[in-house]
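Let's take a walk through this fold together, going from charged pairs to rings, helices and loops. Have the viewer open and follow along as the residues come up.

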Amino acid sequence: MLAEPRARRYPIEVPATFIVPQVLPVKPHQARDITVALLLVPAAFGCRSPQPAVATPAPAPLASTAPAPAPTATQAARPAPEKPAEQPHPMAGMPDMTDMSMSATMPRITIPKGALYTEADVRFMQGMIAHHAQAIYMSRMAAAHGADARVLKLANKIDQSQVAEIKLMQQWLRSNGQFAPDTSSWHRMSMAGMLTSAQLAQLDSAKGPEFDRLFLTGMIHHHKGALQMVSDLFASPLAAQDVDVSVFANDVVVVQTAEIGVMQQMLNGL
């Protein structure tokens, strides 16, 4: 039987059943956390500075098999054109990419004797890194796609908070001697709520209000997938007994449930 995570204490009394979206069957202490987040998260959107615009790198030209013509004397005398500055990649600034890339099959997980965590905990942390990385990729499109100011603030908030959470998950995995995926792992993994390549391409081709609609719809779907991952973790025998895993998983429920509510309000207002 899973141990009950300890409820947080807040400086004010918060009723457990006040404003709790029916996204997940949550317990009273989780409902109280969600209520607090619903009250506080929207106000935080204005506290972050927008990210600089990020351009999508142009595809590399196809290599030609025909031999290149020899330069004329006039052409040879000309100075070489300056190489255009490289555009920042949408994943620039993400946590370090020094870990080896995830192979088609994940490394085998070995749980040391006496460890307080389970294989399900390790899989959850590894998978959530990839899940977060795709959310960040989507969020960094907002500035360059003419997103509404409120949508842009929300995207920046998701970007900044989930970058920090990826670092936390990588640190937890490394400190326990487990494989820590890098931020490119989302290209090779598919989990609940993650968008397909076609859906990402559709989002990338949209501008203005159409981008806002696709972004909000896609991110709500993405967040609900994360909540499903937490639900699956809690349903796994002996999982989420490690304090760090338990606190992080509960935070995912609190924050992303609140953000779903905010995004649904924005979507209704479009």
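**Charges under cover**

Glu259 and Lys157 are both buried. Keep in mind as you look at them that this is a predicted model. These two residues form a salt bridge, with the closest N and O atoms 2.2 Å apart. Glu259 belongs to helix H7 and Lys157 to helix H4, so their pairing ties together parts of the chain that are 102 residues apart in sequence.

How many salt bridges does a search of the whole structure find? The search turns up four. Another of them brings together the side chains of Arg140 and Asp159, at 2.9 Å from N to O. This pair also links distant parts of the chain, with Arg140 in the loop between H3 and H4, Asp159 in helix H4, and the two positions 19 residues apart. Arg140 is buried, at a relative accessible area of 11%, and Asp159 is buried as well, at 3%.

For a salt bridge inside a single helix, turn to Arg123 and Glu119, whose closest N and O atoms are 3.8 Å apart. The two residues are four places apart in helix H3, and about one helical turn separates them. An α-helix has 3.6 residues a turn, so residues three or four places apart point the same way. Here the surroundings are more open to view: Arg123 is partly exposed, with 34% relative accessibility, and Glu119 is partly exposed too, with a relative accessible area of 40%.

**Helix H3 and the core**

Now follow H3 along its length. This helix has 21 residues and spans 30 Å from first C-alpha to last, close to the 30 Å expected at 1.5 Å a residue. Is H3 mostly enclosed or open? Of its 21 residues, 18 are buried, so the helix is largely enclosed by the rest of the structure.

Tyr137 is a good residue to stop at. Tyr137 sits in helix H3, which covers residues 119-139, and is buried, with a relative accessible area of 17%. Leu200 is 63 residues away from Tyr137 in sequence, yet their C-alpha atoms are 9.4 Å apart in space.

Next comes the nonpolar interior. The largest nonpolar core has 57 residues, and those with the most contacts inside it are Phe124, Met125, Met128, Phe211 and Phe215. Helices H3, H4, H5, H6 and H7 each supply at least two residues of this core. To see one of these residues at work in the packing, select Phe215: setting aside its neighbours within four places in sequence, Phe215 is in contact with Met138, Ser139, Val151, Ala155 and Leu203.

**Rings that meet**

The aromatic pairs come to a count of four. In one of them, the ring centres of Tyr117 and Trp172 are 5.2 Å apart and the ring planes stand at 70 degrees, so the pair is edge-to-face. Tyr117 lies in the loop between helix H2 (73-77) and H3, while Trp172 lies in helix H4, so this pair ties together parts that are 55 residues apart in sequence. Both partners are hidden: Tyr117 counts as buried at 6% relative accessibility, and Trp172 counts as buried at 4%.

**Stops in the loops**

Two loops remain to be visited. Which residues of the loop between H6 and H7 have a positive phi? Leu238 is one of them, with a phi near 65 degrees in a residue other than glycine, and Ala240 also has a positive phi near 65 degrees. Leu238 lies in the loop between helix H6 (208-235) and helix H7 (243-269), and Ala240 lies in the loop between H6 and H7 as well. Their surroundings set them apart: Leu238 is exposed, with a relative accessible area of 58%, whereas Ala240 counts as buried at 9%.

The final stop is Ser184, found in the loop between helix H4 (149-175) and helix H5 (197-205). Ser184 has 16% relative accessibility, which is under the 20% cut-off, and therefore counts as buried. The side chain of Ser184 is joined to that of Asp182 by a polar contact of 2.5 Å.

Terms used
Residues numbered from 1 in each chain as written. Predicted model: local features only at pLDDT ≥ 70, side-chain atom pairs only at ≥ 80, totals over all residues. Heavy atoms only, no water. Buried < 20%, exposed > 50% of the residue type's maximum accessible area, 1.4 Å probe, protein only. Polar contact = N/O pair within 3.5 Å; in protein donor to acceptor, adjacent residues only side chain to side chain. Expected span 1.5 Å × (residues − 1). Phe/Tyr/Trp six-rings, centres within 6.5 Å; stacked < 30°, edge-to-face > 60°. Core = buried A, V, L, I, M, F, W, Y, C linked by side-chain atoms within 4.5 Å. Contact = heavy atoms within 4.5 Å.
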